[in-house]
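This report looks at side-chain pairing and helix packing in one protein chain. The structure is shown first, and the description follows.

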Amino acid sequence: MKVIQLGMTLSDSNGNICSTWEFNFSDFDLKKDPHVESSIDLLRSNGLDFEKVKRDGIEGRVFVGKFLEILPRHRNLKWVTFHGLYDLAYMLKLLSGNPLPGSVFGFVKLTSGYFEYVYDIKFMARFCDGLMGGELGLNRAAKILNLERSGAAHNAGSDCNQFSKTGPDIFYPASCTTTENSIPGNFRGLCSGTNLAAIAKAIEGLA
């Protein structure tokens, strides 16, 4: 599978937004590459023009070359996702240029090589009052948290911009009521669907 669209928002720990970028990749070929038709229809209904993206979008190799020049200079970045396990998988495949590792251990090691601090809002929501134990989608979570949207839904730039105000340093104290020792750092590496932090500790034990 190939990345079609990628959104990134840069903000500080107080939720002040610097900028939002949306990258549309020309590598995906609707005629040749495997895809789920209902997902394509959803993206089209929300404004994505596949023909234009194929013609005018950025090549993955160009993006990767520039991105990997920037990433090592900012190892202290905190990456915030919403149900981001698949997002990470797509990014790892794009950045490494290789198939994904065949084991969860290999996936965790590869992830930590690119993204040292990962926080998943959907996972964090499990420990917060009023957020349905984390059993909710992005739009429902945004409505509960009164987060305004800029742009259309199901567009990568708009989606990530909407949740940029829920970074790990401000999302936790605003909504969560777990024990006093449960600080935002304890959510690091925990994505909805798998426990990356626990697996990472296991890997350290094998080293």
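In this predicted model, the side chains of Asp56 and Arg55 meet in a salt bridge, with a distance of 3.3 Å from N to O. Arg55 is exposed, at a relative accessible area of 60%, whereas Asp56 is partly exposed, at 48%. The structure holds four salt bridges, and three of them, including the pair just described, are listed below.

| Salt bridge | N to O distance | Citation |
|---|---|---|
| Asp56 and Arg55 | 3.3 Å | |
| Asp33 and Lys2 | 3.4 Å | |
| Arg44 and Glu51 | 3.5 Å | |

The salt bridge between Asp33 and Lys2 joins the loop between strand S2 (17–24) and helix H1 (37–45), where Asp33 lies, to the segment before strand S1 (5–11), where Lys2 lies, so the pair ties together parts that are 31 residues apart in sequence. Asp33 is buried, with a relative accessible area of 15%, which falls under the 20% cut-off for that class, while Lys2 counts as partly exposed at 41% relative accessibility. In the salt bridge of Arg44 with Glu51, Arg44 counts as partly exposed at 36% relative accessibility, and Glu51 likewise counts as partly exposed, at 47%.

Strand S2 also contains Ile17, which is partly exposed, with a relative accessible area of 36%. Which residues does Ile17 touch, not counting residues up to four places away in sequence? Ile17 touches Thr9, Leu10, Ser11, Asn161 and Ser164. With Ser164, the separation is 147 residues in sequence but 7.3 Å in space, C-alpha to C-alpha.

The helix packing described here centres on H4. Helix H4 (residues 85–96) has 12 residues and reaches 16 Å from its first C-alpha to its last, close to the 16 Å expected at 1.5 Å a residue. Its buried residues are Leu88, Ala89, Met91, Leu92, Leu94 and Leu95. Just after H4, Gly97 takes a positive phi of about 75°.

Two packed helices are described by the angle between their axes and the distance between the axes. The axes of helix H3 (residues 60–70) and H4 come within 9 Å and cross at roughly 90°, and H3 and H4 are therefore roughly perpendicular to each other. On the H3 side the contact is made by Gly60, Phe63, Val64, Phe67 and Leu68, which meet Met91, Leu94 and Leu95 in H4. Sorted by class, this contact of H3 with H4 has seven nonpolar residues, one polar residue and no charged residues. Met91, Leu94 and Leu95, the H4 residues that meet H3, are among the buried residues of H4.

Helix H4 also packs against helix H5 (residues 104–114), at an angle of about 75° and with the axes 10 Å apart. That angle makes H4 roughly perpendicular to H5, because values from 65 to 115 degrees are placed in that class. The contact brings Leu85, Leu88, Ala89, Leu92, Leu95 and Ser96 in H4 together with Phe107, Leu110, Thr111 and Tyr114 in H5. By class, the contact of H4 with H5 has eight nonpolar residues, two polar residues and no charged residues. Leu95 of H4 meets residues of H5 and also takes part in the contact with H3, and Leu95 is itself buried.

Terms used
Residues are numbered from 1 along each chain as its sequence is written. This is a predicted model: local features need pLDDT of at least 70, side-chain atom pairs count only at pLDDT 80 or more; totals for chains, interfaces and linings use all residues. Side-chain values use heavy atoms; hydrogens and water are left out. Axes are lines fitted to C-alpha atoms, for helices over the stretch in contact, and angles run from 0 to 180 degrees between N-to-C directions. Helices (H or I, at least four residues) and strands (E, at least two) are DSSP runs, numbered from the N terminus. Angles under 35 degrees count as roughly parallel, over 145 as roughly antiparallel, 65 to 115 as roughly perpendicular and the rest as oblique. Contact means heavy atoms within 4.5 Å. Ala, Val, Leu, Ile, Met, Phe, Trp, Tyr, Cys and Pro count as nonpolar, Asp, Glu, Lys and Arg as charged, and the others, Gly among them, as polar. The expected span of a helix is 1.5 Å times one less than its number of residues. Buried means under 20% relative accessible area, exposed over 50%, partly exposed in between (1.4 Å probe, protein chains only).
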